[in-house]
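Please read the following walk through the structure slowly, with the sequence and the 3D view side by side. The text moves from strand pairings to helices, then to backbone details, the contact between chains and the confidence values.

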Amino acid sequence: MAYPTDRKYTKQHEWIKVVGQQAIFGITDYAQQSLGDIVFVEVPKIGAELAAGKTFGTVESVKAVSDLYAPASGSVTEVNEELATSPEKVNQDPHGSWMVKVKLTNAGEISDLLSADAYEKFVAEEGGH
Amino acid sequence: MSSVESTTVSSPPAVRKTALNAVHREMGAKMVDFNGWDMPVEYPASIGCGIINEHMAVRTAAGIFDVSHMGDIRLAGPQALAAVQHISMNDAAKLAIGQAQYSALLYPQGTFVDDVIVHRLGEDEYLLVINAGTREKDFNWVRDNTRQFDCAVENLSDDFTQIAIQGPKAVDTLQKLTDSDLSKVKFYWVTRGSVCGLPNILIARTGYTAEDGFEIYIPSDESTSARVWREILEAGKEFGILPCGLGSRNTVRLEGKLPLYGHEISDTINVWEAGLDRFCKMEKPEFIGRAALENAKSHVKHTLVGLEMIERGIARDGYKMLDDTGREIGYVTSGSPAPFLKKNIALAYVPPEFAAVGTALKVEIRGQGAAAQVVPTPFYKRPKKGS
């Protein structure tokens, strides 16, 4: 699959879309495919401080609990309430379903993340499922 | 006395495969190691599957499961009934030829070696179908505890590919493939008939889904197994049949409060705690575990309850149960979202004083107590025909 080029990716299968000092986090198509039917998404409250590379919530499929890792540091400004009642949207549209919006503290962190191309290669090596 | 000697079956090799393994992989199933078996956990979304769809297919249409990893032990001989009565807690004397019953093999302490379905196949012939993870342990147990009876004990586990067809449309699906009149086979009875052109196949109206359904035992060679699997899927297509993996197998049995060895039942849990009284016939004068169970009746330390999550959160296997002061009082044996009921449910062991329906408890999820309530079980019961 061709991953959208308007964002960057992490090796933990999150994506981050940056608009100025604001960023939006979500999980990738590879992630939702690996997880299977998503039944529960737990994200922090508005105001929570996130640190790049640290867990910021959980996403649960029928069978398993998976941690979400923050692609970048910042404070949560908005949370996607829809996912509380319709977590399956993440399966249906992983790149369109956002989880949190964050005011970044260090936009420079993004440069270390993977481009769509690099992420696609990474997934091809990792996957095979 | 039977002079059949069989060697002790030793521990299994690394990863085992059923005859249908290549078919599951070809269909794109996500595979998992289940007690040493490479098994499908769910089939892909691209063919309309996934745990939730598979679960719903079993409840509203039909699902087909490869359960060949389960074990089969045959007891045959003049004292086969006496042998079964000695090792099994239910009353096999009540079985007519062609009838089956749920039971368990117990240790002398009244705890579980395994749960089992006992089928009476002939005058002096019984088939025990047992769990995959306990194949060797069970066979050794059965063989070692029936030596005194004139009865041959055979391990037939590798001889069969066992396929379960479950759901309201299971009978319509299978009827297309057999000359047996399935309307004459009552629930928990068996028959023999041709299936997909194979003669004399054991067809049992049994299952692990709390739905109507059948389990068939066909020759375990790969090409026969693959052909039958595909023919069942083809026959069931018009009803909406889906291939189903262990993921949906678990969510379906959980809704029906069917125990899973290593979770609700184990070698440290007894029959009273597990709530399986109705399958334990204490009026039988003797069976392994009877004496201990007689003593244990008066001091049951914990009991199995059904829970429904009240607060947001999913209780999972091994999570702690807390009372409303946050004190740890027990643990979750099995927990998961219930796709048909659209709730998050669990089974848990708690002290008897917390077991009343309506009791408010908490489940510890990631360090926080989430509210849950004790509810009646089974969580799901299939609708009665004609009602």
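Strand S14 (residues 303-309) of chain B runs antiparallel to S19(B), and four bridges join the two strands. One place to find this pairing in the model, which is a predicted one, is B:Gly306, whose bridge partner in S19(B) is B:Val375. S19(B) also pairs with strand S18 (residues 360-365) of chain B, again in the antiparallel sense, and this pairing extends over six bridges. Here B:Val363 stands opposite B:Ala370 in S19(B). The connection between S18(B) and S19(B) is a hairpin with two residues between the strands, and in its turn B:Arg366 has a positive phi of about 50°.

Following the chain past strand S19 (368-375) of chain B brings the reader to a segment that contains B:Pro378. The peptide bond that leads from B:Thr377 into B:Pro378 is cis, with omega near 5°.

Elsewhere in chain B, six strands form an open sheet with mixed pairing, and their order across the sheet is S10-S11-S12-S9-S3-S13. Which strands stand at the edges of this sheet? They are strand S10 (190-195) and strand S13 (242-243) of chain B, and because each has a single partner strand, one side of each is left without a neighbour in the sheet. For S10(B) the partner is strand S11 (residues 198-204) of chain B, to which S10(B) is joined by five bridges in an antiparallel arrangement. Within this pair, B:Val190 has B:Ala204 in S11(B) as its bridge partner. Helix H6 (residues 222-236) of chain B lies across strand S3 (63-66), strand S9 (160-166), S10, S11, strand S12 (213-219) and S13 of chain B, and the helix runs at about 10° to S9(B).

Another helix of chain B, H4 (residues 135-144), shows which of its residues are turned to the interior: B:Arg135, B:Asp138, B:Phe139, B:Trp141, B:Val142 and B:Arg143 are buried. An α-helix has 3.6 residues a turn, so residues three or four places apart point the same way. The elements against which the buried residues of H4(B) pack include helix H3 (80-87), strand S4 (71-76) and strand S8 (152-155) of chain B.

Two further residues deserve a look for their backbone angles. B:Asn200, although it is not a glycine, has a positive phi of about 55°, and this residue is found in strand S11 of chain B. B:Asn200 counts as exposed because it has 8 C-beta neighbours inside 10 Å. B:Lys342, likewise a residue other than glycine, has a positive phi near 55°, but its place is in the loop between strand S16 (328-338) and strand S17 (343-350) of chain B. With 7 C-beta neighbours inside 10 Å, B:Lys342 counts as exposed.

The contact between the chains takes nine residues from chain A and eleven residues from chain B. On the side of chain A that touches chain B, the residues divide into four nonpolar, two polar and three charged.

How far the predictor trusts this picture can be read from its own scores. The complex is given an ipTM of 0.90 and a pTM of 0.93. Chain B has a mean pLDDT of 95, and 96% of its residues reach 70 or more. Over residues 1-6 of chain B, however, pLDDT stays under 50, and for this stretch the model has eight contacts beyond four places in sequence.

How values were computed: Residues are numbered from 1 along each chain as its sequence is written. Chains are lettered from A and ligands numbered from 1 in the order in which they are written. This is a predicted model: local features need pLDDT of at least 70, side-chain atom pairs count only at pLDDT 80 or more; totals for chains, interfaces and linings use all residues. Two residues are in contact if their C-beta atoms, placed from the backbone, lie within 7 Å. Ala, Val, Leu, Ile, Met, Phe, Trp, Tyr, Cys and Pro count as nonpolar, Asp, Glu, Lys and Arg as charged, and the others, Gly among them, as polar. Two strands pair if DSSP finds at least two bridges between them. Axes are lines fitted to C-alpha atoms, for helices over the stretch in contact, and angles run from 0 to 180 degrees between N-to-C directions. A residue is buried if 20 or more other C-beta atoms lie within 10 Å of its own, exposed if 12 or fewer, and partly exposed in between; C-beta atoms are placed from the backbone. pLDDT is the predictor's confidence in each residue, from 0 to 100.
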